[in-house]
Amino acid sequence: MKLIGMIHLKALPGYPQHEGMQAIIAKALEDAVALEQGGVDAILIENTDDDPHRKVVGPETVSAYTIVAKEVKHKIKVPLGICVLWNDYKAALAIAKIVGCDFVRIPVFTEAVLTASGIIEGNPYDAITYRECIKASKVRIMADVQVKHATMLAKRPIEESAKEALHFGADEIIITGRYTGDCPNLDELRKVRESCPNATIVIGSGVTPKNISELKKYADAAIVGTYFKEGDNIIIEKVISLKSMAR
């Protein structure tokens with residue numbers, strides 16, 4: 001199983017809690033170095049502290065995000081991905097294209113969900129056509145299936161949602177728990193693997209040393225953020241340890 005380490009960005013411009021670009025860049029680079037030294041296979045950047053999240057971010061967020069991503073890209077050798085919360089896939093794809101990133105995460109690629117930021121509707125056609133429009137076809141789309149922190153407006157078997165996301169153009173699918181740090185339901189994960197035997201399945205939350213042996217039976221990769229941290233800092237020893245268990 002591959003491990004994708006998370007960089008949770010400090011609040012970007014446009015939010016009262018923003019403390020300046022220098023602090024954001026310094027922390028992002030510190031986390032990137034720790035994750036790479038720990039042995040992760042890729043890194044994903046997310047504007048986690050832009051709270052409350054917006055459905056579509058402003059130009060100040062895109063500009064700042066691009067600057068940070070460029071600095072991280074120059075610092076590391078592993079693949080780099082972008083996620084712009086809540087679901088601004090155009091911003092994510094544009095940043096990835098300009099910086100030279102390898103993938104984006106789209107939390108709501110298909111279907112519709114209710115979130116704290118309102119109802120968010122997936123638009124796979126718009127996502128894949130925009131990717132072609134900006135000539136970013138090499139940027140892979142990792143699409144969440146029935147994403148965490150959200151309620152499906154029309155409840156469906158998760159394996160049906162997974163198959164549909166792949167059919168509509170997702171390169172990889174992400175299965176999460178109900179919230180950050182929550183492990184996916186193993187029965188649902190097994191059903192997704194059985195229904196999509198050739199898909200690249202990524203665990204999007206809740207991976208720890210206690211469950212990684214079971215999860216890697218059904219998944220190809222895992223995005224890990226919460227477990228690697230103590231307070232605000234990434235502990236390299238935790239990264240090394242989990243990576244050894246993922247093999």
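## Nonpolar cores

A nonpolar core is a set of buried Ala, Val, Leu, Ile, Met, Phe, Trp, Tyr and Cys residues joined through side-chain atoms within 4.5 Å. In this predicted model, the largest such core has 67 residues. V72 and I82 have the most contacts inside that core.

V72 reaches several parts of the chain. Leaving aside neighbours within four places in sequence, V72 is in contact with I7, A28, L29, A32, I45 and L80. A second core is separate and has twelve residues. I4, M6, L85 and F103 are among them.

## Helix α2

V72 is one of the buried residues of α2. The others are T61, A64, Y65, T66, V68 and A69. Helix α2 covers residues 59-75, a run of 17 residues. From first C-alpha to last, α2 reaches 25 Å. That is close to the 24 Å expected at 1.5 Å a residue.

What covers the buried face of this helix comes from both helices and strands. The cover over the buried residues of α2 includes the strands β1 (2-8), β2 (42-46) and β3 (80-83). It also includes the helices α1 (21-38) and α3 (89-99).

## The largest pocket

The largest pocket has a volume of about 590 Å³. Its lining takes in 32 residues. Closest to the centre are E46, T48, K148, H149 and T180. Two elements, β1 and β11 (221-224), give two or more residues to this lining.

By residue class, the pocket lining divides into twelve nonpolar, 14 polar and six charged residues.

## The cavity

Rolling a probe the size of a water molecule over the atoms shows where empty space is left. The structure holds one cavity of 30 Å³ or more. The volume of the largest cavity is about 60 Å³.

This cavity is lined by 13 residues. T110, E111, D144, V145 and Q146 lie nearest its centre. The elements giving two or more residues to the lining are β7 (140-145) and α5 (158-167). Eight lining residues are nonpolar, three are polar and two are charged.

## Cis peptide bonds

Most residues other than glycine have a negative phi, and most peptide bonds are trans. Two bonds deserve a look on that count. D51 and P52 are joined by a cis peptide bond, with omega about 5 degrees. P52 sits in the loop between β2 and α2.

The bond from L85 to W86 is also cis, with omega near 5 degrees. W86 is in the loop between β3 and α3. L85 also belongs to the second nonpolar core.

## Positive phi in the β7-β8 loop

Q146 is not a glycine, yet its phi is positive, near 50 degrees. Q146 lies in the loop between β7 and β8 (151-152). The residue is buried because its relative accessible area is 14%, below the 20% cut-off. Q146 is also among the residues nearest the centre of the largest cavity.

H149 is found in the loop between β7 and β8 too. H149 has a positive phi as well, about 60 degrees, and is likewise not a glycine. At a relative accessible area of 43%, H149 is partly exposed. H149 is one of the residues closest to the centre of the largest pocket.

Methods: Residues are numbered from 1 along each chain as its sequence is written. This is a predicted model: local features need pLDDT of at least 70, side-chain atom pairs count only at pLDDT 80 or more; totals for chains, interfaces and linings use all residues. Side-chain values use heavy atoms; hydrogens and water are left out. Helices (H or I, at least four residues) and strands (E, at least two) are DSSP runs, numbered from the N terminus. The expected span of a helix is 1.5 Å times one less than its number of residues. Buried means under 20% relative accessible area, exposed over 50%, partly exposed in between (1.4 Å probe, protein chains only). Contact means heavy atoms within 4.5 Å. On a 1 Å grid over the protein atoms alone, a cavity is a set of points where a 1.4 Å probe fits but cannot get out, and a pocket is an open set with protein on both sides within 12 Å along at least five of seven lines; lining residues have an atom within 4 Å of a point. Grid points are joined across faces, edges and corners, and a volume is the space filled by probe spheres set on the points. Ala, Val, Leu, Ile, Met, Phe, Trp, Tyr, Cys and Pro count as nonpolar, Asp, Glu, Lys and Arg as charged, and the others, Gly among them, as polar.
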